[in-house]
Amino acid sequence: LDPETFARESRAVISFLAGYYRDVEKFPVQPEAMPGGLGALLHDTPPENGEQMDVILEEVWRHIVPALTHWQSPKFFGYFQANASTAGFAGEMLCTGLNIVPFTRAASPAATELESIVMDWMGKLVGLPDRFLFSDGGGGVLHGSTCEAVVCTLAAARDRALSRLGHEGITRLVVYASDQSHSTFQKGARLVGVPRSNFRVISTTAASGYGLTADSVREAVEADVASELVPLYLCATVGTTGLGAVDPVRDLGELARNHGMWLHVDAAYAGSALICPEFQHHIDGAELADSVSMNPHKWFLTNMDCCCLWVASPAALTSALSTDPEYLNNVTEESAAGAGVVDYKDWQIALSRPFRAMKLWVVLRRYGGAGMRAYVRRHVEMARWFEQALEADGRFEVVAPTRFSLVTFRLRPRRDGDDDAVDGLNRRLLVAVNASGRAFMTHFVVDGKFVIRMAVGGAMTEMRHVQDTWELVRDKAEEVGAVLK
Ligand code: PLP
């Protein structure tokens, strides 16, 4: 690595990206890209001799950018947003530029300590009970994704239960989630050896805003206990993927405690809103949970990837995930003592890991709590505006309460029995909106109904983009024949 070349080429990349952000609003949010299209444009084999950076960037601009879905477009409202920001990028540059590998404290003391500090900062910001903070015996770690974090908590819960039941007990362990919980819980349960038949998907209804009720979980748990199965793990979601629904954390926490279950609170998306006091009631009862997670890489101005996982008992996690290869042992006296030293390799699946703490720390330093709260509130306000526009129009129904910045809606049937025809209309509406290139949304299906999701939360999204998108939805509804008024 030659520092002069490094500086020159990095400047070229930054200027390329600044140009991209200047223009990103002009691109169709979703490209019309035929499968295999890129293969036809690029060479079959890598170059034998290195090429100049400007040639490479030119090719990125000409061949790759036009076939990207522009997640950073202010008119991207699909899935959940993946925020990029100046501070997120600066933090990522520092992380990538320093390129250290803090798997143990000895492998990079400041990186490990910064991660623990940042996790306590974030825990305080989202209003977590003290038991999740290092300062109070708990602690946190930065993972790449909620999916990885969930597998780790499932492994910890499994080992805690099996230390009581013996290894043969694994066939009796049961995991509970709702029909709105993220699919990662099912995958994670499989990965840690819970039999497929022992994963309970508990139904939710419109009456509870698609949140779980403690009664429905209790019924399932009691039936399992009567069959000599062992309740292991319960997932409560604050802000579900499809509809933004919220499970009652306190009620589920009490139930989990009564049955010795591990309670995980998944706030992957809505965790960012929890920094505002007006949203913190959604995690009332979190002191009853064993673990909590949220993704700053969604709605917290932190470039991919970054997931916060907090546990009340770090020992439960590390006893499931620790390894002790000789080559990682520290020969200095300080860490030979071991006690109290955080080795993050024992809090995750992989050994190697990036310096994510740097990125989140830079974001927190640059924007501060007040800046982040204002950011979240702006999106919530835009989402409410969109929801009100839908309601005032009369042709649309809002499917689940808009608790954060996700609006779920559909053209409503005019008469009972119109559901199939209306589903077809809603599909055509979504296709027409996305084909226009002026906005991008995704869908969900609940109670057999096709629902359109408008997830507001892009770092460059302003009210004018939301207003323009409303006009687009209205026009396309006319176009697809929604004369259901
Ligand atoms: N949980 C919820 C509620 C989510 O919305 C998502 C992703 O959208 C996930 C988990 C998965 O997150 P990740 O992609 O970080 O694994």
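Here, Ala, Val, Leu, Ile, Met, Phe, Trp, Tyr, Cys and Pro count as nonpolar, Asp, Glu, Lys and Arg as charged, and the others, Gly among them, as polar. Everything shown below comes from a predicted model.

**Figure 1. The shell around the ligand in the predicted model.** Zooming in on the ligand, we find 14 residues surrounding it. S145, T146, C147, H182 and A268 are the closest of them. Sorted by class, the shell comes out as 8 polar, 5 nonpolar and 1 charged residues. Two of these names turn up again in the next view: T146 and C147 are among the closest to the ligand, and T146 and C147 also sit on the α6 side of a helix contact.

**Figure 2. Helix α6 packs against helix α7.** This pair brings together residues 146–165 (α6) and residues 184–191 (α7). Their axes lie 9 Å apart and meet at an angle of about 45°. Since angles under 35 degrees would count as roughly parallel and 65 to 115 as roughly perpendicular, α6 is therefore oblique to α7. As for handedness, α6 and α7 make a right-handed crossing. On the α6 side, look for T146, C147, V150, V151 and L154; facing them from α7 are T184, F185, G188, A189 and L191. By class, the contact of α6 with α7 holds 7 nonpolar and 3 polar residues, with no charged ones.

**Figure 3. Helix α13 alongside helix α15.** Next up are α13, spanning residues 356–393, and α15, spanning residues 463–479. Here the axes are 10 Å apart, at an angle of about 25°. That angle falls under 35 degrees, so α13 runs roughly parallel to α15. The crossing of α13 and α15 is right-handed. From α13, the contact uses M382, W385, F386, A389 and D393, while α15 puts in M463, V466, W470 and R474. Counting by class gives 7 nonpolar and 2 charged residues for the contact of α13 with α15, and no polar ones.

**Figure 4. Where domain 1 touches domain 3.** Pulling back a little, the protein chain splits into domain 1 (3–70), domain 2 (100–354) and domain 3 (365–479). The C-alpha centres of domain 1 and domain 3 are 31 Å apart. Each partner brings a handful of residues to the contact: 4 residues from domain 1 and 4 residues from domain 3. On the domain 1 side that touches domain 3, the classes are 2 nonpolar and 2 polar, with no charged residues.

How values were computed:
Residues numbered from 1 in each chain as written. Predicted model: local features only at pLDDT ≥ 70, side-chain atom pairs only at ≥ 80, totals over all residues. Axes fitted to C-alpha atoms, helices over the stretch in contact; angles between N-to-C directions. Helix = DSSP H or I, 4+ residues; strand = E, 2+ residues; numbered from the N terminus. Parallel < 35°, antiparallel > 145°, perpendicular 65-115°, else oblique. Left-handed = near helix turned anticlockwise from the far one by under 90°. Contact = placed C-beta atoms within 7 Å. Near = placed C-beta within 6 Å. Domains from an automatic or database assignment.
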